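Here is a friendly walk through one chain, from its overall build down to a handful of residues. Please keep the model open beside the text as you read.

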Amino acid sequence: MNTFWDLFLSATSQGLLWSLMAIGVYLTFRILDLADMTAEGSFPLGGAITTMCLIQGINPILATLAAFGGGLIAGFVTGFLNTKLKIPSLLAGIITMTGLYSITSRVMNNAANVSLLGKQTIFTIAQNWGLSRNNAVIIMGLFIALLAIGLLVVFFKTEIGLAMRATGDNSEMSAANGINTQAMKILGYMISNACIALSGGLLAQNNGFADLNSGVGTIVIGLAAIIIAEVLIRHLSIGARLLTLVLGAIIYRLILALVFQMNVEPSDAKLASALVLVVCLILPNFHLPHNLKGRK
């Protein structure tokens with residue numbers, strides 16, 4: 001029982017931090033209806049920026065915000081390539097992701113990983129309040145996730161936010177109604193990758209190091225959390241959907257934790273993640289018998 005409870009707490013703490021990644025992926029994947037691979041570059045960039053800032057003695061809150069800023073710039077580059085240079089969204093994301101690998105390496109002084117051993121992080125600040133490690137991560141992660149969701153809900157109720165959603169629903173019709181769809185896409189890319197880089201910065205602080213290759217497969221985690229959230233509850237408002245993404249990320253991390261309890265080799269972690277995503281993707285194809293279905 002204690003073992004499962006420990007797994008649950010660990011999955012919850014990790015899931016809350018990964019939920020920002022899921023929210024970022026959701027913004028491009030569902031809101032803008034774009035395939036964006038920039039995530040696998042902006043995630044380690046956020047971790048690298050935060051880590052190097054902390055090593056320089058910068059306040060952990062400012063270091064975390066710096067990761068957010070790095071993600072904004074990464075998203076702008078992808079948006080510019082896609083909208084202004086007419087490069088397809090998938091290819092634009094791959095180009096940016098590839099370039100970010102070198103940039104992240106430079107940020108980390110060409111090191112494969114950089115340790116935060118002995119450095120103050122946003123979580124050690126919470127631990128100074130008398131909280132345990134897991135509780136500190138859970139409380140800070142929940143606060144940041146809810147803050148991000150609250151700001152996004154407010155944003156999507158503004159004229160610009162509604163214009164962005166309209167662009168994702170029907171770009172041509174939105175343009176015909178006077179919406180600058182290119183600007184909306186660029187802004188969407190920026191907010192998306194800012195959330196992803198923020199997730200990278202928080203996870204680097206939680207893990208105690210930044211890793212140049214930490215972005216490999218992160219898009220899978222974001223997609224898995226989205227699919228799990230949509231399988232659990234369908235047809236939700238934007239605010240409720242963002243909240244279920246947090247739940248989806250926690251469930252995904254819990255599933256992975258249970259899988260790893262089966263003595264899965266660390267080198268097979270990405271394979272396990274991919275298989276879990278496959279299961280999540282095929283779940284919607286299994287329909288309940290008609291007499292068990294609720295009203296649509």
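What radius of gyration would a compact globule with 296 residues have, and what does the chain have? For 296 residues a compact globule would come near 19 Å, and the chain has 19 Å, which agrees. The radius is taken over C-alpha atoms, and the globule rule is 2.2 Å times the number of residues to the power 0.38.

A word on the ground rules: this is a predicted model, in which local features need pLDDT of at least 70 and side-chain atom pairs count only at pLDDT 80 or more, while totals for chains, interfaces and linings use all residues. Residues are numbered from 1 along each chain as its sequence is written, and side-chain values use heavy atoms, with hydrogens and water left out.

**The chain as a whole**

The chain holds 12 helices and two strands, arranged along the sequence as α-α-α-α-β-α-α-α-α-α-β-α-α-α. These elements are DSSP runs numbered from the N terminus: helices are H or I with at least four residues, strands E with at least two. Along the principal axes, the C-alpha atoms fill a box of roughly 55 × 50 × 35 Å.

Of the 296 residues, 49% count as buried; here buried means under 20% relative accessible area, exposed over 50%, and partly exposed in between, using a 1.4 Å probe and protein chains only. About 14,700 Å² of the chain is exposed, with carbon and sulfur atoms supplying 65% of it. Contacts (heavy atoms within 4.5 Å) often span the sequence: among those between residues at least 6 apart, 78% join residues at least 24 apart.

**An aromatic pair in H1**

The whole structure has four aromatic pairs. One of them joins Trp 5 and Phe 8, stacked at 5.6 Å centre to centre with 25° between the planes. Rings of Phe, Tyr and Trp (its six-membered ring) pair if their centres lie within 6.5 Å; planes under 30 degrees apart count as stacked, over 60 as edge-to-face and the rest as tilted. Both residues sit in helix H1 (residues 2-31), three residues apart, about one turn of the helix.

**Two helix residues and their contacts**

Where does Ile 228 lie? Its place is helix H10 (residues 218-232). Beyond its neighbours within four places in sequence, Ile 228 contacts Gly 248, Ile 251, Tyr 252, Ile 255 and Cys 280. Phe 156 is 72 residues from Ile 228 along the chain, and their C-alpha atoms are separated by 23 Å.

Leu 187 belongs to helix H9 (residues 181-207). Not counting residues up to four places away in sequence, Leu 187 touches Phe 155, Ile 160 and Met 164. The C-alpha atoms of Leu 187 and Gly 79 are separated by 7.7 Å, with their positions 108 residues apart along the chain.

**Two loop residues with positive phi**

Lys 86, in the loop between helix H3 (60-83) and helix H4 (89-107), has phi near 60°, a positive value in a residue other than glycine. Asn 109 also has phi near 60°, and Asn 109 lies in the loop between H4 and strand E1 (113-115).

**Accessibility side by side**

| Residue | Relative accessible area | Class |
|---|---|---|
| Trp 5 | 48% | partly exposed |
| Phe 8 | 31% | partly exposed |
| Leu 187 | 25% | partly exposed |
| Ile 228 | 9% | buried |
| Lys 86 | 59% | exposed |
| Asn 109 | 57% | exposed |

Terms used: Accessible areas come from the Shrake-Rupley method with a 1.4 Å probe; for residues, only the protein chains shown count as cover.
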